[in-house]
Amino acid sequence: HLSFFRAVPHSLSTRQNSLFFLSSLGILFRRVFRMQQPNYTLRLVPDDVIGFMAGFLLNTELYRLCRVGMRSLTSAARIVLQERSQPVLQGHTRPVFGCAISPSGELIASSDKLVLLWNANTGQLQLDPLQYPGHSGVVYSVSFSPDGQRLLSGGEDKVAVLWDLRTGSIVAQYRGHTGIITGVAVSPTSGTIATVSHDGTLRLWCLQDGTQTAQAGNHTDRIKCLGLSSDGSHAATGGEGCTVRLYNCWTMAQEAQLDHGPESRVYSVQFSANGSMILSGSTNFTAQLWDIRSGHGQCTATLVGHTKTVMHAVFADSPAGHRVLTASRDNTLKVWDLRAVATPLATLAGHTGDVNRCAVYGEFAASGSDDKTVRTWLLPP
């Protein structure tokens, strides 16, 4: 009761009573949190506990938080959410670099040297591992076709492969890159396939017959990531040159260059659902939001909270695009609200290695890690 929270802090005169009260309070919060978030357990980050307790004892911040509810409490106290009931997908024998969720939300694709296909509801393997003799190395990227019946993969062998998920057979192969393929994407509307590589090129392909239809090669460095707009009209690339480059897919002309700053290699780039924004992640430990409607690209928000490289960043809501999920080499994922970016909504802990990739379908998410697992999550509301 609010009267209880208002009165008790003033009566705490000894250390013993204070510790007893805070211990009881912790149990209370966990019980309330368990009722509101049954799929998660609650843990306060150690370096936040002292400040959180001090705020409570001063009878100011916590009283306000209790009035506005658990959502504000989560933000202010930087509570870590640990996945409890969602399955951990185990079957990889090497670090997981590729991770994608099908358009229906029913399947998860992940990759190390093999491509594994999982049932998102049960966590069971859907097919035998997809293994093409040319995929002799790491598969760095996977992407579903718009109908969810095919999967595109690309990696160390410099070949992109399109699979039929109903049979596990190969539909087409896309050859031409002279370096490792680090990103693949399929346009949800046009069916265009895009790939990027360490050879510094962006290439477009015909989905049906595997022929190359266009190429751009403005990067003088290795490209690390690829984003494709939902209508297939634009592509974005990022890499070791610390920039994001925006291309028109009809002309292959570069329309904008977004500078991340020195020593900020870009590992992730994605378009918002309406194509007006770009989200990027880099080695400067941040994710950045760019408004590209002007044609020049302006950074409108910087998400600060990770302690190592942000390997992947995705929009978690569609079409509103207010929430973002980031994955980092600090072994965690973070959920952000772009309307209040000062602190993350939640930190998802559980992986024991670098988190290389994440994917979102509604409030369901999946992530692949150096710990050789794919974890699934229910994002907090």
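**Exercise 1. The first aromatic pair**

At 23% relative accessibility, does Phe-97 count as buried, partly exposed or exposed? Describe also the aromatic pair that Phe-97 forms with Tyr-140.

*Solution.* The model examined here is predicted. Step 1: buried means under 20% relative accessible area and exposed means over 50%. Phe-97 has 23% relative accessibility, and therefore counts as partly exposed. Step 2: the structure holds 2 aromatic pairs. In one of them, Phe-97 and Tyr-140 are edge-to-face, with 5.2 Å from centre to centre and 65° between the planes. Step 3: Phe-97 is in the loop between strand S3 (88-90) and strand S4 (98-101), while Tyr-140 is in strand S7 (residues 139-144), so that the pair links distant parts of the chain, 43 residues apart. Step 4: Tyr-140 is partly exposed, its relative accessible area being 23%.

**Exercise 2. The second aromatic pair**

Characterise the pair formed by Tyr-174 and Trp-205, and state whether Tyr-174 is buried or exposed.

*Solution.* Step 1: the rings of Tyr-174 and Trp-205 are edge-to-face, 5.7 Å apart from centre to centre, with 70° between the planes. Step 2: the pair links distant parts of the chain, with Tyr-174 in strand S10 (residues 169-175) and Trp-205 in strand S13 (residues 202-205), 31 residues apart. Step 3: Tyr-174 has a relative accessible area of 0% and is buried. Trp-205, with a relative accessible area of 3%, is buried.

**Exercise 3. Salt bridges**

How many salt bridges does the count come to? Examine the bridges of Arg-203, Glu-240 and Asp-354.

*Solution.* Step 1: the count comes to 8 salt bridges. Step 2: Arg-203 bridges to Asp-199, with the closest N and O atoms 3.6 Å apart. Arg-203 is buried, at a relative accessible area of 8%, whereas Asp-199 is partly exposed, at 21%. Step 3: Glu-240 forms a salt bridge with Arg-222, and here the closest N and O atoms are 2.9 Å apart. Glu-240 lies in the loop between strand S16 (234-239) and strand S17 (243-248), and Arg-222 in the loop between strand S14 (212-216) and strand S15 (223-228), so the pair ties together parts that are 18 residues apart in sequence. Glu-240 is partly exposed at 27% relative accessibility, and Arg-222 is partly exposed at 38%. Step 4: Asp-354 and Arg-329 meet through their side chains in a salt bridge of 3.7 Å, N to O. Asp-354 is in the loop between strand S26 (346-349) and strand S27 (355-361), and Arg-329 is in the loop between strand S24 (323-328) and strand S25 (332-337), 25 residues apart. Arg-329 is partly exposed, at 29% relative accessibility. Step 5: Arg-222, Lys-224 and Glu-240 are joined into one network by salt bridges that share partners. Step 6: Arg-329 also lies over the face of Tyr-267, at 5.5 Å from the ring centre.

**Exercise 4. An open sheet**

In what order do the 4 strands of the open sheet stand, and which are the edge strands?

*Solution.* Step 1: the order is S15-S16-S17-S18, with antiparallel pairing. Step 2: S15 and strand S18 (254-259) are the edge strands, since each pairs on one side only. Step 3: from one strand to the next, the twist averages 20°. Step 4: S15 and S16 run antiparallel and are joined by 5 bridges. Gly-227 stands opposite Ala-236 in S16.

**Exercise 5. A loop residue**

Where does Ser-187 lie, and is Ser-187 buried or exposed?

*Solution.* Step 1: Ser-187 is in the loop between strand S11 (181-186) and strand S12 (193-197). Step 2: with 0% relative accessibility, Ser-187 counts as buried. Step 3: neighbours within four places in sequence aside, the contacts of Ser-187 include Pro-146, Leu-228 and Asp-231.

Note on methods: Residues numbered from 1 in each chain as written. Predicted model: local features only at pLDDT ≥ 70, side-chain atom pairs only at ≥ 80, totals over all residues. Heavy atoms only, no water. Salt bridge = Lys/Arg side-chain N within 4 Å of Asp/Glu carboxyl O. Buried < 20%, exposed > 50% of the residue type's maximum accessible area, 1.4 Å probe, protein only. Helix = DSSP H or I, 4+ residues; strand = E, 2+ residues; numbered from the N terminus. Pairing = 2+ DSSP bridges. Axes fitted to C-alpha atoms, helices over the stretch in contact; angles between N-to-C directions. Contact = heavy atoms within 4.5 Å. Phe/Tyr/Trp six-rings, centres within 6.5 Å; stacked < 30°, edge-to-face > 60°. Lys NZ or Arg CZ within 6 Å of the ring centre and 35° of its normal.
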